[in-house]
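Me: Before I use the terms for this model, I want to see what each of them rests on. Please set the values against the definitions.

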Amino acid sequence: MKHNNDLREEILRMSGVDTAKCMKCGKCSATCPAYDEMEYHPHQFVGMVEIGEIEPLLSSESLYKCLSCFACVDRCPRGVAPAKVVEAVRLTAIRRQGANHMTANDVPLILETDTPPQLLVSAFRKYTK
Amino acid sequence: MKVRYFPGCTLKNRAKDLDTYAYRSAEALGITPEEIENWQCCGGVFTTARDEVATKLASVRALKDASDSNLPLVTVCSACHNVIKQTNHAMQTNKEFSDKVNRYLEADGGYNGEAEVYHYLEMLRDLVGFEKVKERVVNSLKGKKIAAYYGCLLLRPHKVMRMDDPENPTVMEDLLRALGADAVVYARRNECCGGYISVESPDAAKKNANAILENAKAAGAEMIITACPLCKYNLVKNGADIPVVYFTELLAEALGVKGEPNET
Ligand code: SF4
Ligand code: SF4
């Protein structure tokens, strides 16, 4: 396990986000279509990474609720791009050996005749490494 | 005019209509789509992490192909378009990333984001022109109240996609008007359908999809058009009681080239 400060640096580098620019207006969370599903909301991801409080995020289901809809990216008045922070934390979690959030064994449970390949491909891209 | 065409995984099976009618309509408008040989799946979602390389290579290969052919790269699925365009932007702006990609691919001449990427809708607007589309209409959709559903991927992130005003887009409505239909404008047309969350939390997808459907119907829509197979799936799966069709199908119908339906 990396020290929190190293984790923070890595997440900032991966995401390319400057979390210090956030003015905590909450607009990202207000527009987030996954808000109700999340334990930590987009503005909290930004704020918690800024102060190095990353462990709670790494183990939160919120990582798998983000839809990559980029609404928070386009609507943040400070150009912070919260979705990129969520993505970097999520990758930090699933890049660890054995930490995939979905496996091929889950596919038969999901697959129906009308399932578009796009759905499976996208879910694998987001949930596995 | 020729263009390089990237169809994407879903257009070869569940979304054959999106693909077939894109071809037929393009040809009716004087565009010849040349399918890229051995194209690979875009992966469905662009990974914004700057250090992710492998997940972006399929897009770079398609981009390089178009650039080497000196032709615009056209995609029709919203997700493919988003992934490919964001990858191109990364190749143009993130030197560390493009260096890694080029060292790995060892492609002749390298690649640094030279290709021009068009969504099919942009091709209609910018390369063909809606005036010309309008002239070619043989079955006008006059009197039909149709709502365009953009979702997220066509429009966002705007800094990269640059397709339309992300909060007040018009390209699909302009197409509908060119085809003679009444374009129904409603607030949720650029909100997310739930995307791949239907794997993780089907109820969450249902909530998003229903809000969009109710909003479109309240505005008077009798039909919804989309460019994305996953948007269509989420809307239909969650009980759409008005038809949800691909914009290319409607276009082919108006241009009189719909022909035989696909077997699916
Ligand atoms: S990209 Fe993710 S965090 Fe941002 S608004 Fe969409 S669902 Fe919410
Ligand atoms: S919208 Fe931007 S500035 Fe406002 S809380 Fe979210 S990240 Fe911070």
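Reply: The turns below go through the terms one by one.

This is a predicted model, in which local features need pLDDT of at least 70 and side-chain atom pairs count only at pLDDT 80 or more, while totals for chains, interfaces and linings use all residues. Residues are numbered from 1 along each chain as its sequence is written, chains are lettered from A and ligands numbered from 1 in the order in which they are written, and side-chain values use heavy atoms, with hydrogens and water left out.

Me: Why is the pair B:Lys207 and A:Asp36 called a salt bridge?

Reply: A salt bridge needs a side-chain nitrogen of Lys or Arg within 4 Å of a carboxyl oxygen of Asp or Glu. The closest N and O atoms of B:Lys207 and A:Asp36 are 2.8 Å apart, so the pair meets the rule. General chemistry fits: side chains of opposite charge can pair when their charged atoms come close.

Me: What elements does that pair join?

Reply: B:Lys207 sits in helix α10 (residues 202-218) of chain B, and A:Asp36 in the loop between α2 (27-31) and α3 (42-50) of chain A. The pair therefore crosses between chains. Helices here are DSSP runs of H or I with at least four residues, strands are runs of E with at least two, and numbering starts at the N terminus.

Me: Why is the pair B:Glu200 and A:Lys65 called a salt bridge as well?

Reply: The closest N and O atoms of B:Glu200 and A:Lys65 are 3.5 Å apart, which is within 4 Å, so this pair also counts. The count between chain A and chain B is nine salt bridges, and the structure holds 28 over all chains.

Me: How many residues of chain A and chain B are said to be in contact?

Reply: Contact means heavy atoms within 4.5 Å. By that rule 42 residues of chain A touch 48 residues of chain B.

Me: What makes up the area buried between the two chains?

Reply: Buried area is the accessible area (1.4 Å probe) that two parts lose on being put together, summed over both. For chain A and chain B this is about 3700 Å², and carbon and sulfur atoms give 55% of it. In chain A, the residues that lose the most area to chain B are A:Phe70, A:Gln118 and A:Arg125, together 19% of what that side buries.

Me: How many polar contacts cross between the chains, and which helix of chain A gives the most to that side?

Reply: A polar contact is a pair of N or O atoms within 3.5 Å; within protein, one must be able to donate a hydrogen and the other to accept it, and residues adjacent in sequence count only if both atoms are side-chain atoms. Across the interface of chain A and chain B, 23 residue pairs qualify, both residues at pLDDT 80 or more. On the side of chain A, α1 (4-15), α5 (71-75), α6 (82-94) and α8 (117-127) each supply at least two residues, and α8(A) gives the most, with nine.

Me: What classes make up that side of chain A?

Reply: Ala, Val, Leu, Ile, Met, Phe, Trp, Tyr, Cys and Pro count as nonpolar, Asp, Glu, Lys and Arg as charged, and the others, Gly among them, as polar. The side of chain A that touches chain B has 19 nonpolar, eight polar and 15 charged residues.

Me: Where do the domains of chain A lie, and how many salt bridges cross between them?

Reply: An automatic or database domain assignment sets the bounds, and for chain A it gives domain 1 (4-98) and domain 2 (101-129). The rule finds one salt bridge across their interface. Eight residues of domain 1 of chain A are in contact with six of domain 2 of chain A, and the area buried between the two domains is about 640 Å².

Me: How many salt bridges cross between the domains of chain B?

Reply: Zero salt bridges are found between domain 1 of chain B and domain 2 of chain B. There are, however, six residue pairs in polar contact between these domains. The two domains bury about 1800 Å², of which carbon and sulfur atoms give 75%.

Me: Which residues are closest to ligand 2?

Reply: A residue is near a molecule if one of its heavy atoms lies within 4 Å of it. 13 residues surround ligand 2, and the closest are A:Cys22, A:Cys25, A:Gly26, A:Cys28 and A:Cys76. The shell has eight nonpolar, two polar and three charged residues.
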